[in-house]
Amino acid sequence: METYSLNMQPLLNHLREATSASHDRLDTAFGSLDLSERADYARFLAGHAIGMSALFPAFRTFVERDLGTPCPDYPAMLSSDLATLGIDAGDLPSVAVSDGLTPLATAYVLAGSRLGLAMIRRNGYWGKAQGHPSAYMEDERGQAIWKDVVARLKQSQLTEGDAAPERVGAIAAFDTFSEAFAASAPATAQ
């Protein structure tokens with residue numbers, strides 16, 4: 001088992017280091033999709049919908065309770081985007097939440113994913129090219145949430161015992177999204 005030392009780094013740096021392998025695996029999985037193609041775009045949205053279904057309650061709790069900010073309804077946005085493609089989000093499979101999820105760690109992963117979506121927005125994707133921009137991918141409120149999460153993580157001075165659950169929680173959130181990506185393949189196969 002790996003051990004981590006905070007060495008007085010902010011929790012943000014610690015989480016980046018502790019989750020880099022999980023984050024890289026997830027980026028590689030979703031990055032394998034060609035979002036200019038309808039099928040890959042549908043799988044991308046389905047993977048996010050499956051993962052978001054499992055993770056959103058913890059994310060919403062953190063955003064509304066701890067940040068005091070209204071939380072964008074990402075599951076509803078994804079459901080609408082998928083309906084535009086003829087996919088009923090209610091028919092998608094579900095994944096179990098990996099053990100150890102925490103609201104702060106979930107916010108780190110989900111709010112951080114908004115940065116990748118901003119890059120996709122700039123580069124374009126099938127729905128936007130077809131005149132059906134994604135409500136989920138075009139939403140910019142998550143970037144403000146990300147800034148608030150980063151500020152909170154930079155200020156966190158936690159002992160190793162306090163940081164360990166957040167490290168486990170962030171890895172659990174990444175792992176849950178990895179399972180969601182795997183579950184999205186059969187859900188969008190045509």
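Ala, Val, Leu, Ile, Met, Phe, Trp, Tyr, Cys and Pro are counted here as nonpolar, Asp, Glu, Lys and Arg as charged, and the others, Gly among them, as polar. On this scheme, the lining of the largest pocket in the predicted model comprises 13 nonpolar, 8 polar and 2 charged residues. The space in this pocket amounts to about 560 Å³. Its lining consists of 23 residues, and those nearest the centre of the pocket are His23, Asp27, Gly112, Ser113 and Gly116. Four helices, α1 (11-31), α2, α4 and α8 (160-188), each contribute at least two residues to the lining.

Helix α4, one of the contributors to the pocket lining, spans residues 103-123 and contains 21 residues. The distance from its first C-alpha to its last is 31 Å, close to the 30 Å expected at 1.5 Å a residue. Glycine 124, just after α4, adopts a positive phi of about 95°.

Helix α2 (residues 38-66), which also supplies residues to the pocket lining, packs against a further helix, α7 (residues 141-155). The axes of the two helices come within 12 Å and cross at roughly 75°. Because crossing angles of 65 to 115 degrees count as roughly perpendicular, α2 is assigned as roughly perpendicular to α7. On the α2 side, the contact is formed by Phe59, Phe62, Val63 and Asp66; on the α7 side, Ile145, Val149 and Arg152 take part. By class, this contact has 5 nonpolar and 2 charged residues, with no polar residues.

Technical notes
Residues are numbered from 1 along each chain as its sequence is written. This is a predicted model: local features need pLDDT of at least 70, side-chain atom pairs count only at pLDDT 80 or more; totals for chains, interfaces and linings use all residues. Side-chain values use heavy atoms; hydrogens and water are left out. The expected span of a helix is 1.5 Å times one less than its number of residues. Axes are lines fitted to C-alpha atoms, for helices over the stretch in contact, and angles run from 0 to 180 degrees between N-to-C directions. Angles under 35 degrees count as roughly parallel, over 145 as roughly antiparallel, 65 to 115 as roughly perpendicular and the rest as oblique. Contact means heavy atoms within 4.5 Å. On a 1 Å grid over the protein atoms alone, a cavity is a set of points where a 1.4 Å probe fits but cannot get out, and a pocket is an open set with protein on both sides within 12 Å along at least five of seven lines; lining residues have an atom within 4 Å of a point. Grid points are joined across faces, edges and corners, and a volume is the space filled by probe spheres set on the points.
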